[in-house]
Amino acid sequence: MSSRGPDREASSRIDFVGSARPTLGVEWEFALVDAETRDLSNEAATVIAELGENPHVHKELLRNTVEIVTGICDNVGEAMDDLASTLRPVRTVVRERGMELFCAGTHPFANWSAQKLTDNPRYAELIKRTQWWGRQMLIWGVHVHVGVSSAHKVMPIVTSMLNHYPHLLALSASSPFWEGEDTGYASNRAMMFQQLPTAGLPFHFQEWREFERFVGDQKKTGIIDHMNEIRWDVRPSPHLGTIEVRIFDGVSNLRELSALVALTHCLIVDLDRRLDAGEALPVMPPWHVQENKWRAARYGLDAIIIRDADSNERLVTEDLDNLLERLVPVAESLSCGDELARVADIYRVGASYQRQRRVAEEHDGDLRTVVDALVAELVV
């Protein structure tokens, strides 16, 4: 009998609940910074306790971080309103305690060794296993969930979404600095996070059964205990009926966030509709996807990306111009035309990593002014 006999097949099944419509959910991670020193503050537990029970405010791995999450939303505008309504009382509490909310992929000068771990057995086990790399995870990001109707669509969409990986990362790149030094990367966060086991790019699966077998193997060999320990940059969330896009660096303001969420919503819905029309979704070899991730992390909006399986290349911003034009009808159907149009503003005005470098240069390398500039961008 095959090692993948009936008993093993049954035990590794994963139910994908499905979503009747392409809903949205957003998770937005914030760091707490001291209003005087601009360094990180490990006071998240105190802030959350003062807020009381709030399902939209979560703890994270480190005590310097709070995560703001939406409920289930139908469009980008609703998601942004949801986030803003949660952020207002959170920021009030934070400011009353002499701190500010800060969001970027990394903090410009904070030292990772000074940060405290949130008291949670799951986090303690992660650090015990990952050691130096795990303790280095002084990073923040944004995760976007989009509802998908059935399991058979999930892996084709996840794999095809990787064609747009460099676009999403370049637009959101906001982590050029690490412990007071310019790394030379637009997104140092993307390179760091992939060092964790099960993090980084997903495998190129086309069938839900392949994903089920993968998860079964991961559990049997002790790599994971729970499916949420698969930390791919794009992954299924079966219990929510969504595809979760985790490519983005931390985003400092609602305007840019609305643009990135709109682009994500449109891309996944477009791929979903193309499947419904009987189309085979475009994919690229894994080695092209991996190279595109590195190019976007290194060069940001100046990246020359690989566009297709035939190895054609193009400047990422030129490719974005055509992509945005193609997605206009999808955006109109999802009521996010205005938000999608804001994507072009990011590369016309400058992405966060470019703005941060500009501020540092204008202030003789004083990275505290970079923190101040990022804090000031959060208007709710």
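This briefing describes the aromatic pairs, the nonpolar cores and the largest pocket of the structure shown above. The model is predicted, and the values given below are computed from it. The structure holds 15 aromatic pairs, its largest nonpolar core has 98 residues, and about 1,300 Å³ of space lies in its largest pocket.

**Aromatic pairs and their cluster**

- Among the 15 aromatic pairs of the structure, the one formed by Phe203 and Trp232 is edge-to-face, with 6.2 Å from centre to centre and 75° between the planes.
- This pair links distant parts of the chain, since Phe203 sits in the loop between β8 (199-200) and α8 (208-220), while Trp232 belongs to strand β9 (residues 231-232), 29 residues apart.
- Phe203 counts as partly exposed because its relative accessibility is 48%, whereas Trp232, at 2% relative accessibility, counts as buried.
- Phe205 and Phe214 form an aromatic pair that is tilted, with 5.9 Å from centre to centre and 55° between the planes, and both Phe205 and Phe214 are buried.
- The four residues named in these two pairs belong to one aromatic cluster, which is formed by Phe16, Phe203, Phe205, Trp208, Phe211, Phe214 and Trp232.

**Nonpolar cores**

- In soluble globular proteins, nonpolar side chains tend to be buried together.
- Within the largest nonpolar core, of 98 residues, those with the most contacts are Trp28, Phe211 and Leu263, and the largest share of this core, twelve residues, comes from helix α9 (residues 254-276).
- Apart from the largest core lies another one, of 29 residues, which includes Ala31, Leu61, Leu62 and Ala104.
- Phe211 appears in two of these descriptions, as a member of the aromatic cluster and as one of the residues with the most contacts inside the largest core.

**The largest pocket**

- The largest pocket, which holds about 1,300 Å³ of space, is lined by 50 residues, of which Glu27, His143, Arg235, Glu244 and Arg246 are the closest to its centre.
- Two or more lining residues come from each of the elements β1 (24-34), β2 (57-59), β3 (65-69), α4 (121-135), β5 (141-147), α7 (188-193), β10 (234-237) and β11 (242-249).
- Strand β1 gives the most to the lining of this pocket, with five residues.
- When the lining of the largest pocket is divided by class, there are 22 nonpolar, 15 polar and 13 charged residues.

Methods. Residues numbered from 1 in each chain as written. Predicted model: local features only at pLDDT ≥ 70, side-chain atom pairs only at ≥ 80, totals over all residues. Heavy atoms only, no water. Phe/Tyr/Trp six-rings, centres within 6.5 Å; stacked < 30°, edge-to-face > 60°. Helix = DSSP H or I, 4+ residues; strand = E, 2+ residues; numbered from the N terminus. Buried < 20%, exposed > 50% of the residue type's maximum accessible area, 1.4 Å probe, protein only. Core = buried A, V, L, I, M, F, W, Y, C linked by side-chain atoms within 4.5 Å. 1 Å grid on protein atoms, 1.4 Å probe; cavity = no way out; pocket = protein on both sides within 12 Å on 5 of 7 lines; lining within 4 Å. Points joined across faces, edges and corners; volume = space filled by probe spheres on them. Nonpolar A, V, L, I, M, F, W, Y, C, P; charged D, E, K, R; others polar.
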